[in-house]
Amino acid sequence: MKRSGGVRPWDNKRPAFGRGRQARPTPPPSNDNPLPEIPHVLINGERYDSDRFYLHKTDYKTDKKDKQNSSEATGKSAATCTCGARQPPALFDRQALVASLDLQCAILATYTLDKRWLVQAFPSLLGSDATVPTLVLHGQPDPRDRLLARKNNDDDDDDSSQASTTVMEESPPMVDLNKQAPNMKALNNDDEGDDDDLSIFTQPEAAVRVDVSFATSPPPPAGERCSTPESCIPRHVHFTQIAPTWLPPPDMADTVLQRQVKRERKQGVYHPKFMILLEKSGNLIVVVSTANLTKPCTTDASWIQRFPPATATTSSSNNDFGAVLQDFLMQQSRAACPADGMVTPQNFWKKHAVTSLREGWDYNQAQVDLIPHIPGEYPTERESGDVLYYGRQRMHQLLQRKSMTLPRLSSEDRLIMQPTSLGADWNVENLSQVMKSYLPKSKVDPHDNLLPRLDIVWPTDDWVQQVQQGRESSSPSPQTVTASNVEMEVTRQQRSALFLSSDAFNRIHTDCLSRMVQWDPTQQHTEASSPRVPHFKSVARLLHHRPPGVSEGFAWFILTSACLSQGAQGVEKTERVAGSNKERTVVSYRNFELGVLFCSRRALPMSTEHSRIYCYQPTQCTCHSPSINTRHRLVHLPVPYQCRPLPYVDAPYDFGENDDEPDDNDGQVWHFSVSPYFHEIPPGSAAVSNMLLTPYGKAVLLQQND
């Protein structure tokens, strides 16, 4: 697609390697200190390293052809590049992964799910002959279940069968939090004695009471034929809905009630995507993904690592991977929706795995850091240094720990935020607060004005229509906008993985909107698979001083389920401390999310560690790194979008004295050269406020005036 013109903030300013600054020589090789072996997982002979993520396979129609090509290339496998330097890395196949494992039990997590697809995709877990105990955690139920419930409640509703099976990811689930299940009593008692601000470091695992005598759903009647694949899911497969709830800490509770408080509902969503797979061999496989448990149809990615069981000689972990993972499951257990036969993650793990998730495996070789988001309100200042943080506070904590080993940083580094849902009510103040967590204050980051360094990557309407409908352009042009076009926009939410409504767009400050840049797929992404609408989500610090031998370099990169909404990123607010006149600042989160941090590091003098630089498309092949004697490794991340794309904004635009049109203190606003993709444009919102910055909004206004 031909892109519209525009000057990017970094053009003519960024010192490219070999131009404008002296080239740094490659570190001399060291024959005495080779690069260590990277943990990896083999799936059908394909190697997936744990120091990077992989884009998902979405096309299963070419399996036979791929197998033929694979068998023909067996003798050439040693010479094949898989690191991204010469060709795109392998695509990750969740179905092949599960099918290749001999599992003892499994926990899967998703926002929304499709039981029919699950049975077909993972027959070893959910097929009628499967025997592996499996727990599926979800934020929204299967749309077919909702349709069935609606039909049972209202047999006269002829339109119920026409309801959409697509769910908007930022819409909170409707659950009855007051309904009590038999096995929720012990869970609520645990909540009364626990504190969301308490770290799992300070809370002994034995203090968390777990009831393993949970109920299971009855098996299908003997001899009865299954009407649908999902109707014959075995009895050892459990589905548990998680609600975005939290328990206020002691100083926020009513002192008269002595902490006898109920869980409070946050208007957010349960949004993480992950797998915890326990093999019969005792190894633990953890997968963190951006993909829901539905049929693959979008651009997604996953990270994977296998951890061996801990032994008597295993040293204490040099990271908090196990502690964070254990705490994340504990928080989800507390927030499980009451229902008959409900199974919490802790109950499930206690019964089928027995071993403590935190202490049962050796996490010393963990290649990433986990970044969980938990609903609640958490102080910006903590008294104890061992308390677990969440969301962007967790990221800030990790960056402080790693400050001495980060690569060369600059005040010209850019912060990339690439969501698939853009929430409302962002302004300069609260968006800058988010940026400060990702760009901690330092000599190179004085925090004078961070907003100009932000790029919010978002697809254009033209591009999405090309991908979804397979033609050059189907978006309304200024000459063809009609009422029918607007109606098409209103129903677009039923078939999209991207969520930005015109209402939300109108409620975002124009200074924040000016930071939007156009999604432009990378060449490797388009070569690896047919174009797909992104469901991939990321946050990254893009290095201004590009390391030698790479197209782009990252100080760090987060693959996450979290979008750019206040529920996911958190919003700061000031509150009075109970029982005193003091005030404190807290960050309020509404969503459950999970991400992984890939952090570059430089080797310090006299250190035995090796340098690792995360980058895009290195010029040096690193597939056979064990044979390379150097302390410097370039790790390719198959980022599916261009990191320095064109902005939406071209030039200042003067709206004059029209009160319906946004302006700043100078009466000047930025206008968009192309229209961003909107999943929904309700009537009356297309030609007002910020929408007049877009070609679409201007065209609607012109037609209304004709």
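**Close-up views of a predicted model**

**View 1. Two annotated binding-site lysines.** In an unreviewed UniProt entry, the annotation "binding site" covers Lys273 and Lys537. The two positions span 265 residues in sequence, yet their C-alpha atoms are no more than 11.8 Å apart, so they gather at one spot. The model shown here and in the other views is predicted.

**View 2. Lys273 and its loop.** Lys273 sits in the loop that runs between strand S8 (264-265) and strand S9 (274-279). Its relative accessible area is 1%, so Lys273 is buried. The side chain of Lys273 reaches the backbone oxygen of His271 at 2.8 Å.

**View 3. Lys537 and its loop.** The loop between helix H15 (523-528) and strand S17 (538-542) holds Lys537. Lys537 counts as buried because its relative accessibility is 0%. Its side chain and that of Thr420 are joined by a polar contact of 3.3 Å.

**View 4. Two annotated active-site histidines.** The feature "active site" is placed by UniProt, in an unreviewed entry, at His271 and His535. These histidines also span 265 residues in sequence, but no two of their C-alpha atoms are more than 12.5 Å apart, so they gather at one spot. His271 lies in the loop between S8 and S9, the loop that also holds Lys273. With a relative accessible area of 0%, His271 is buried.

**View 5. His535 and the backbone of Thr290.** His535 is located in the loop between H15 and S17, where Lys537 is also found. His535 has 5% relative accessibility and therefore counts as buried. The backbone oxygen of Thr290 is reached by the side chain of His535 at 2.7 Å.

**View 6. Gln393 in helix H9.** Gln393 is part of helix H9 (residues 391-401). Its relative accessible area is 8%, which means that Gln393 is buried. A polar contact of 3.1 Å links the side chain of Gln393 to the side chain of Tyr589. When neighbours within four places in sequence are left aside, the residues in contact with Gln393 are Tyr378, Pro379, Thr380, Val587 and Tyr589.

**View 7. Two cysteines in a model without disulfides.** A search of the whole structure finds zero disulfides. Cys297 counts as partly exposed, at 49% relative accessibility. Cys512 counts as buried, at 2% relative accessibility.

Conventions: Residues numbered from 1 in each chain as written. Predicted model: local features only at pLDDT ≥ 70, side-chain atom pairs only at ≥ 80, totals over all residues. Heavy atoms only, no water. Disulfide = S-S within 2.5 Å. Buried < 20%, exposed > 50% of the residue type's maximum accessible area, 1.4 Å probe, protein only. UniProt positions renumbered as here; feature names shortened; annotations may be inferred. Helix = DSSP H or I, 4+ residues; strand = E, 2+ residues; numbered from the N terminus. Polar contact = N/O pair within 3.5 Å; in protein donor to acceptor, adjacent residues only side chain to side chain. Contact = heavy atoms within 4.5 Å.
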